[in-house]
Amino acid sequence: DGGLMSAPPTVEAECAPLCLSAGLVFAAKAYWNGEALYEVRMRGTSVRVNLTLAITSVNQPPDLRLDPYFEFSEPAGNETVLLSGAAWGFTSAPVDISDESSQTLTLILVAISEFPVPGSPALLRGAPVLTQMGDGANVTLDVTAHANGEVVLSFLLRDDGVGALDSETKNLTVKFVGVND
C-alpha cells in the first residue's frame, strides 16, 4: 500500500455456515492519500476479489505564527514603523503534507483596534500595509506624531486549496509608549 495504511487491513466475515457478507476494516495514516490495491481470498475456496481503497485528499487549514508584541517610543513626528517579520513561518498545513505545499497563502488583516491613552491623538494615520514575502510578511504602520497607546491587529492566513480554508485568527499588539517631551 506504499505506506498509506497504519496497519494491514483485515476482513471480518460472518459465516454460519455460508459467508453472505464481509467487511473490510482499515486505518489510513493521518494526512496520507492515494490508492491501495488488495487481493482478498477466502480460505478453502478459489474465490479471490481485488479491492481498491481510495483515500481522498482533504484540504487542511494553514498555520500562521505571529510575533505577538512590539513596543516603540511614541514618535515625535508622523512616522512610518516597519514591523519586520511580524508574520512568519506561514505553512500550508500544521504538518508537512506534500499535496498542500503548492498552495498559495494570503495574509489577511481582518481587524484593527486602537486603544490610545486618554489625551493622545488617534494612533494610526491610515490602514496598515502588508508586504508578503514567501513564508512571512512585514507590516508597515503610519503612526501619528505624539500618539501613545496600543494597536491590536488581527490576522488570518487563507489558502487556495479546494474549499479555501483559513487559519485561526491571531492578534499582534503594537504598543507606543509615551515619552516626556
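This text walks through a handful of residues, from single positions to pairs and a surface patch. The model is predicted.

Start in strand S1, which covers residues 5–15. Cys15 sits in this strand. Its relative accessible area is 39%, so Cys15 is partly exposed. Now look for Met133. Cys15 and Met133 are 118 residues apart in sequence. In space, their C-alpha atoms are 62 Å apart.

Compare that with another pair, Pro61 and Ser167. Along the chain, 106 residues separate Pro61 from Ser167. How far apart are the C-alpha atoms of Pro61 and Ser167? The separation is 5.5 Å. Pro61 belongs to the loop between S4 and strand S5, and S5 spans 63–66. Pro61 has 34% relative accessibility, so it counts as partly exposed.

Next comes strand S4, made of residues 48–55. Val49 lies in S4. Is Val49 buried, partly exposed or exposed? Its relative accessibility is 41%, so Val49 counts as partly exposed. Val49 also belongs to a nonpolar patch on the surface. Its partners there are Met42 and Val47. Together the three residues make a patch of about 230 Å².

Now turn to charged side chains. How many salt bridges does a search of the whole structure find? The search finds 4. Three of them can be visited one by one.

Take Arg48 and Glu39. These two form a salt bridge, and their closest N and O atoms are 3.1 Å apart. A salt bridge here needs a distance within 4 Å, so a pair like this qualifies. Arg48 has 53% relative accessibility, so it counts as exposed. The cut-off for exposed is over 50%. Glu39 has 45% relative accessibility and therefore counts as partly exposed.

Move on to Asp63 and Arg65. Their side chains meet in a salt bridge with an N to O distance of 2.9 Å. Asp63 has a relative accessible area of 22%, which makes it partly exposed. The value for Arg65 is 28%, and this residue is partly exposed too.

The next bridge joins Arg158 and Asp166. What separates the closest N and O atoms of Arg158 and Asp166? The gap is 2.6 Å. Arg158 is partly exposed, at 34% relative accessible area. Asp166 also counts as partly exposed, at 29% relative accessibility.

One loop remains. It runs between strand S10 (136–143) and strand S11 (149–159). Thr144 lies in this loop. Is Thr144 buried or exposed? Thr144 counts as buried, because its relative accessibility is 15%. The cut-off for buried is under 20%. What does Thr144 touch, once its neighbours within four places in sequence are left aside? Its contacts are Pro75, Asn78, Pro121, Ala122, Leu123, Leu124 and Arg125.

His146 is found in the loop between S10 and S11 as well. Unlike the buried Thr144, His146 counts as partly exposed, with 37% relative accessibility. Look at its backbone too. Phi of His146 is near 60°. That is a positive value, in a residue other than glycine.

Notes:
Residues are numbered from 1 along each chain as its sequence is written. This is a predicted model: local features need pLDDT of at least 70, side-chain atom pairs count only at pLDDT 80 or more; totals for chains, interfaces and linings use all residues. Side-chain values use heavy atoms; hydrogens and water are left out. Patches are made of residues with over 30% relative accessible area and no salt bridge: like charges are joined within 9 Å, nonpolar side chains (Val, Leu, Ile, Met, Phe, Trp, Tyr) within 5 Å. Accessible areas come from the Shrake-Rupley method with a 1.4 Å probe; for residues, only the protein chains shown count as cover. Helices (H or I, at least four residues) and strands (E, at least two) are DSSP runs, numbered from the N terminus. Buried means under 20% relative accessible area, exposed over 50%, partly exposed in between (1.4 Å probe, protein chains only). Contact means heavy atoms within 4.5 Å.
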